[in-house]
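Reader: Could you walk me through one part of this model up close? I'd like to hear about the strands and how they pair, and then whatever else helps me place them.

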Amino acid sequence: MIRVKPVTRPILLAVIFIVSLLVATLANTEGTPPCVVDAEAIGNFDWSPNGHTIAFSSNCGILLLDEALEELTGILALDNIVNVGVVAYNHDGSLLAASLAHSEAGITVWDTFTGSTIQTIPNQFSTMPIAWHPSQDIFVFGYDGEMLFYDMQSSMVVFQFNPSYSDEIMGNYPTLACWSPQGSYVLLSFMYAPEYLITFPAWETAQGNMGSYYGGACSPDATLLAGLGGEIRDLSTNAVTHPNVECAGVSVAWRTNGAEEHAVNCRDQTVRV
């Protein structure tokens, strides 16, 4: 267990750069050089459903920190260390999915109790936050103009969606997926296309009328969208309700058991709650 001394300021937890000073010796890599965590490689993150653990993507695997960001409690990684792109807990925190950059392992799912990998979707990748169904072990991920829905029970992609509109030059990368609290539909957003609503499990598709959302994360009740700059958007009116702190963010996550609290991982290597 590695202790991390926090540096705190009002509404600012400046701890990410401290994590960069850690030398993380990974399990099952005896005899190999230790992996040094690069602060600039720490990007996407997600709160566990009980709010006690925060999982961060990094160049050394998935870093597990306590809720105060004071202690590194664990690391999830493969034997061949690869950069982790995005991470996401399932509804009860028993599973943690991650997109592994530049790796044939693709999307990998860990059992959080044993720390072992239980499923992989080879040669797949996700540029957007992975979004789990709120009560079932089904998640959506997206890359290069399409979103795929993966069912852990059948180990299959059960639905694939490509928007009708695409920018010929820039492509059409997915940016956001938000499930309704009951899991009856999911909101999908692409960089250069309108939003879409897809029902579950019928997979009926309807186009929305509020444009696209770039990055950010939906609140647990799917009413608010926290943006990468700290702003809060009301999804029913599309109005920005809480302009917040100045931050050029790389990822956003909500505390699952506290809908009023979210955090932004900023490019200046700080986390603002």
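Author: Let's start with a term: two strands count as paired if DSSP finds at least two bridges between them. Strand S23 (residues 224-226) clears that bar, with 3 bridges joining S23 to S24 in the antiparallel sense. One of the contacts to look for is alanine 226, whose bridge partner in S24 is isoleucine 232. Bear in mind that this is a predicted model.

Now step back to the sheet around that pair. It is an open sheet of 3 strands, in the order S22-S23-S24, with antiparallel pairing. Strand S22 (217-218) and strand S24 (232-234) are the edges: each has a single partner strand, so one side of each is left without a neighbour in the sheet. As for what holds such neighbours together, strands of a sheet pair through backbone hydrogen bonds, either parallel or antiparallel.

A little further along the chain there's serine 251, which sits in strand S25 (residues 249-254). Serine 251 is buried, because its relative accessible area is 3% and the cut-off for buried is under 20%. From serine 251 to glycine 227 it is 24 residues in sequence, yet 8.5 Å in space, C-alpha to C-alpha.

For another set of paired strands, go to S6, S7 and S8. Strand S6 (residues 45-47) runs antiparallel to S7, and 3 bridges join them. Tryptophan 47 stands opposite isoleucine 54 in S7. The hairpin of S6 and S7 has 5 residues between the strands, and there glycine 51 takes a positive phi near 80 degrees. On to the next partner: S7 pairs with strand S8 (residues 61-66) over 6 bridges, again in the antiparallel sense. Here serine 57 faces isoleucine 62 in S8, and the hairpin that joins S7 to S8 goes through 2 residues. What about S7 itself, strand 53-58? Of its 6 residues 5 are buried, so S7 is largely enclosed by the rest of the structure.

Side chains next, and the rings are a good place to look. A search of the whole structure turns up 13 aromatic pairs. Among them are tryptophan 132 and phenylalanine 139, with ring centres 4.8 Å apart and planes at 55 degrees, so that pair is tilted. Tryptophan 132 counts as buried at 8% relative accessibility, and phenylalanine 139 does too, at 0%. Then there's phenylalanine 161 with tyrosine 196: their ring centres are 5.0 Å apart and their planes at 65 degrees, so this pair is edge-to-face. That pair links distant parts of the chain, with phenylalanine 161 in strand S17 (residues 156-161) and tyrosine 196 in strand S20 (residues 193-199), 35 residues apart. Both phenylalanine 161 and tyrosine 196 are buried. You'll also find one aromatic cluster formed by Phe149, Phe159, Trp179, Phe200 and Trp203.

For the wider setting, the protein has 1 helix and 27 strands, and 53% of its 273 residues count as buried. How far should you trust all this? The mean pLDDT is 75, and 68% of the residues reach 70 or more. Confidence is highest in strand S14 (residues 131-132), at 94, and lowest in strand S1 (residues 2-3), at a mean of 31. Over residues 1-29 pLDDT stays under 50, though the model has 74 contacts beyond four places in sequence for them. Where pLDDT is low, the predicted coordinates should not be read in detail.

Notes. Residues are numbered from 1 along each chain as its sequence is written. Side-chain values use heavy atoms; hydrogens and water are left out. Helices (H or I, at least four residues) and strands (E, at least two) are DSSP runs, numbered from the N terminus. Buried means under 20% relative accessible area, exposed over 50%, partly exposed in between (1.4 Å probe, protein chains only). pLDDT is the predictor's confidence in each residue, from 0 to 100. Contact means heavy atoms within 4.5 Å. Rings of Phe, Tyr and Trp (its six-membered ring) pair if their centres lie within 6.5 Å; planes under 30 degrees apart count as stacked, over 60 as edge-to-face and the rest as tilted.
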